[in-house]
Amino acid sequence: MEYVPAKKLWKKNKPLAEFCFELAADQMEDEYDNSGYGWDDGDKQDEMRDKSTRYIIAMVEGKPVGFMQFGFTLQGDVLDQACGVPVLKIFNLNLEESVQRMGLGTRMVQIAEMVARNSGMSYVHALVTTENEAGHELFARKVKGYKPAEVADFCEVELEDEDELATFSLYAKCLDKRMLTVVKPEEGEGALGEDEKLVETIVSMIESGNLDGDSDEERVQEEPAEEVV
């Protein structure tokens, strides 16, 4: 697993960025269209280029085989509303067919949860299209603690947003024990020792404000970048 902030990925590693986009497009374009939401290359690229998000890249023998994109926001961000408690939002999780159903997606979600806990987030959220059977199976059965949730539970839903929301299901996991009536120990917790260093690196970079993942020398030498329009 490798950690790459979105800004560094799209600015310094175009082949890897293109791999992520092409994998997402290959696996999600039909799902978006069939769900009624509709796929748009430009809109998806804008989402995947968002400088506030981060990527976990799954590697096998030095080659990328999948990725997870996540970011920190508020519950209401589902509808572009600045309200609610802090959440880690999983934007995309895509794996090549050759490495699916091997536990890799579950492991990536567990890493996201560890990052969220260490960063003081109250929830982990994931929006899954109605057509994404593998995504529903992952969050409903394979990873523990995720429940279908109504966006209206977290923010005000306008009538014009209802049709769009009908094309997605929101899965939410509460990490803040103060917000739970019953908290059960997580099955398998403690089995992710090999990923703890990765989590510590991510959290350390976030706390230091080094969201690009650059070394001190790189930040000194780097020329100001033009904004991507």
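Colleague: Let me start with the helices: at roughly what angle do the axes of helix α2 and helix α3 cross?

Modeller: Keep in mind that this is a predicted model. A helix pair is read from how close the axes come and from the angle between them. Here α2 (residues 14-35) and α3 (residues 41-49) have axes that come within 11 Å and cross at roughly 130 degrees. That angle makes α2 oblique to α3. The crossing of α2 past α3 is right-handed.

Colleague: Which residues of α2 and α3 make the contact?

Modeller: From α2, look for Cys-20, Phe-21, Ala-24, Met-28 and Tyr-32. Facing them from α3 are Asp-41, Lys-44, Gln-45 and Met-48. By type, the residues of this contact of α2 with α3 divide into 6 nonpolar, 1 polar and 2 charged.

Colleague: Where do helices α4 and α5 meet, and how do their axes cross?

Modeller: You can read this pair by the same steps. The axes of α4 (residues 104-118) and α5 (residues 133-142) come within 11 Å and cross at roughly 65 degrees. This crossing is right-handed. On the α4 side the contact is made by Gly-105, Thr-106 and Val-109, and on the α5 side by Leu-138, Phe-139 and Lys-142. These residues divide into 3 nonpolar, 2 polar and 1 charged.

Colleague: Now the sheet, please. What is the order of its strands?

Modeller: The general idea comes before the case. Strands of a sheet pair through backbone hydrogen bonds, and they do so either parallel or antiparallel. In this model, 7 strands form an open sheet in the order β1-β2-β3-β4-β5-β7-β6, and the pairing is mixed. β1 (2-5) and β6 each have a single partner strand and stand at the edges, so one side of each is left without a neighbour in the sheet. From one strand to the next, the twist averages 30 degrees.

Colleague: Do β4 and β5 run parallel or antiparallel?

Modeller: They run parallel: 4 bridges join β4 (residues 86-95) to β5. To find the pair on screen, start at Ile-90, whose bridge partner in β5 is Ala-126.

Colleague: And how many bridges join β5 to β7?

Modeller: There are 7 bridges between β5 (residues 123-129) and β7, and these strands run antiparallel. Thr-129 has Phe-168 of β7 as its bridge partner. On the other side of β7, 3 bridges join β6 (residues 147-149) to it, again antiparallel. Lys-147 is matched there with Ala-172 of β7.

Colleague: Why is β7 described as largely enclosed by the rest of the structure?

Modeller: Look at the burial of its residues. Of the 7 residues of β7 (residues 168-174), 6 are buried, so the strand is largely enclosed by the rest of the structure. For the protein chain as a whole, buried residues make up 43% of the 229 residues.

Colleague: Which strands do α3 and α4 lie across?

Modeller: α3 lies across β2 (53-60), β3 (63-74) and β4, and it runs at about 120 degrees to β4. α4 lies across β2, β3, β4, β5 and β7, at about 160 degrees to β4.

Colleague: Could we try single residues? Is Val-87 buried or exposed?

Modeller: Relative accessible area is the value to read, and under 20% counts as buried. Val-87 has 1%, so this residue is buried. Its place is in strand β4. Leaving out residues up to four places away in sequence, Val-87 touches Gly-71, Phe-72, Thr-73, Leu-74, Gln-75, Met-121, Tyr-123 and His-125. Val-87 and Gln-75 are 12 residues apart along the chain, and their C-alpha atoms are separated by 6.1 Å.

Colleague: Where is Glu-131 placed, and what does it touch?

Modeller: Glu-131 sits in the loop between β5 and α5. With 36% relative accessibility, Glu-131 counts as partly exposed. Beyond residues up to four places away in sequence, Glu-131 touches Glu-31, Asn-34 and Ser-35. Glu-131 also shows how sequence and space can be compared: Tyr-32 is 99 residues away in sequence and 7.7 Å away in space, C-alpha to C-alpha.

Colleague: What percentage of contacts in the whole chain join residues at least 24 apart?

Modeller: Among contacts between residues at least 6 apart in sequence, the value is 69%. The protein chain that holds them has 8 helices and 7 strands.

Technical notes
Residues numbered from 1 in each chain as written. Predicted model: local features only at pLDDT ≥ 70, side-chain atom pairs only at ≥ 80, totals over all residues. Heavy atoms only, no water. Buried < 20%, exposed > 50% of the residue type's maximum accessible area, 1.4 Å probe, protein only. Helix = DSSP H or I, 4+ residues; strand = E, 2+ residues; numbered from the N terminus. Pairing = 2+ DSSP bridges. Axes fitted to C-alpha atoms, helices over the stretch in contact; angles between N-to-C directions. Parallel < 35°, antiparallel > 145°, perpendicular 65-115°, else oblique. Left-handed = near helix turned anticlockwise from the far one by under 90°. Contact = heavy atoms within 4.5 Å. Nonpolar A, V, L, I, M, F, W, Y, C, P; charged D, E, K, R; others polar.
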